[in-house]
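Okay, everyone, thanks for coming. I'd like to walk you through the empty spaces in this one, so have a look at it first.

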Amino acid sequence: MSNATITVLPGDGVGPEVTEQALKVLRAVEERYGHTFAIYRGLVGLDAIAAEGAAISDADFERCAHSDAVLFGAVGSLPAGTGHRGGPRPEQALFRLRKEFDLFANLRPVRPAESMYGASPLRPEYLKGTDMIFVRELSAGLYYGHLESVPGKPSEIRRGRQEREAVDTLLYTEREIERVVRAAFEIAADRRRTVTSVDKANVLSSSLLWREVVERVAADFPTIVHEHMLVDVCAMRLIRTPSDFDVVVTENLFGDILTDEASMLTGSLGMLPSASLGVRRTENGVFGLYEPVHGSAPDIAGQDQANPVAAVLSAALLLRHSLRLNREASAVETAVDDVLREGYRTADIREVGCKVVGTQEMGRRILDKLERP
Ligand code: IPM
Ligand code: MN
């Protein structure tokens, strides 16, 4: 029996619809498995900017800080031509949460269900056996600098000698590399024991240091096989031989790009969950933020069309990592697999001969399949 506090930040676009389905699943787990979850809702993104003048208010941020986990929907973009330079932008909420909670390891599992092979643009024989997890560094690299300008780490458009120029800084400390690489090796120990570290060591100094640190960490894990792969080669191999990958660890921007690419192995960005884990331990596990990899998809928002699977699977990751409820997490994942195997699909993963359902029906069917203990 677990007593946990979860803060839910549904956010913009399809965020509220998909999060609603994930919440129902959490409520069902609570009831059927005899746990107690205190669930708070907060504002994030466009609504938070409208109501509080910031992408996430200090009060909601504090709520997150006192929770075991955060379930996050999506944040949108400001409509073109609105907002002002230096004014609040929805994605600042994500950056604040990632940075202040030091959420350095972003886990993105990619495991296309066999019943879903037809939904991928790749031929099924290429997908067979594909089961990988990306560990994307999330707290440093090219992403940070535009938040507040960090000395020695510029990110700006500026006046050059002749014309305007722009700069971003790809900076990693050894400690920042080491902690995420170590996390990847620890994850590999419970899987097929293979780590692929992705970099651009033929060009970037940060990648040279990255490789050095990987070698050092690898020495502590003698039973795990590791390899280094250049990011361009990795982009190609993800399509050519996806089943070769087990655990892939890489820096922030490479991980952002490669995981969107890898999502197509499952047929849709709407299938991919994520967990962002930090350093804080709670009584129940590791504090983390859980969110679908997809964005707010404003074009289909409010139409009961969005795929809730990524959000539901994110809730499963929450159960596993922040609450150490492995059995419950697996039960949720199995329920999703069962519904897909029966041929139910949201529009993004429709196939010939399948039954297309809306967001709510998909959620309801997953709930129906959720095994009782
Ligand atoms: C993601 C998103 C974000 C990122 C955006 C919204 C800043 O694409 O979580 O992958 O690039 O980290
Ligand atoms: Mn992304």
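So, the second largest pocket takes at least three lining residues from each of two domains, domain 1 (1-111 + 268-373) and domain 2 (121-139 + 169-266). Keep in mind that what you're looking at is a predicted model. That pocket holds about 450 Å³ of space. Its lining is made up of 27 residues, and the ones nearest its centre are Val75, Leu94, Arg98, Val293 and Gly295. If you want to find it by elements, those giving two or more residues to this lining are β3 (69-74), α4 (92-100), α9 (252-263) and β12 (286-292). By class, we get 11 nonpolar, 8 polar and 8 charged residues around the second largest pocket.

Now for the largest pocket. How many residues line it, and which lie nearest its centre? There are 39 in the lining, and Leu107, Ile133, Leu317, Arg320 and His321 are the ones nearest the centre. Two or more lining residues come from each of β4 (105-110), β5 (132-137), α6 (174-189), β11 (273-281), α10 (309-321) and α11 (326-341). The volume of this largest pocket is about 1100 Å³. Here, too, domain 1 (1-111 + 268-373) and domain 2 (121-139 + 169-266) each supply at least three lining residues. The class breakdown for the largest pocket is 22 nonpolar, 5 polar and 12 charged.

Okay, on to closed spaces. The count is 1 cavity of 30 Å³ or more, and about 40 Å³ of space lies in it. Leu170, Tyr172, Val198, Asp199, Ser206, Ser207, Trp210, Glu251 and Phe254 line that cavity. Two elements, β8 (194-199) and α7, give two or more residues to the lining. Which element gives the most? That's α7, with 3 residues. Sorted by class, the cavity lining has 5 nonpolar, 2 polar and 2 charged residues.

Since α7 has come up, let's see how it packs. Two packed helices are described by the angle between their axes and the distance between the axes. Helix α7 (residues 205-218) packs against α6 at an angle of about 50°, and the axes are 9 Å apart. At that angle, α6 and α7 are therefore oblique to each other. The crossing of the two, α6 and α7, is right-handed. And remember α6 from before: it's among the elements that give two or more residues to the lining of the largest pocket.

That's my tour, thanks for listening.

Technical notes. Residues numbered from 1 in each chain as written. Chains lettered and ligands numbered in written order. Predicted model: local features only at pLDDT ≥ 70, side-chain atom pairs only at ≥ 80, totals over all residues. Heavy atoms only, no water. 1 Å grid on protein atoms, 1.4 Å probe; cavity = no way out; pocket = protein on both sides within 12 Å on 5 of 7 lines; lining within 4 Å. Points joined across faces, edges and corners; volume = space filled by probe spheres on them. Helix = DSSP H or I, 4+ residues; strand = E, 2+ residues; numbered from the N terminus. Nonpolar A, V, L, I, M, F, W, Y, C, P; charged D, E, K, R; others polar. Domains from an automatic or database assignment. Axes fitted to C-alpha atoms, helices over the stretch in contact; angles between N-to-C directions. Parallel < 35°, antiparallel > 145°, perpendicular 65-115°, else oblique. Left-handed = near helix turned anticlockwise from the far one by under 90°.
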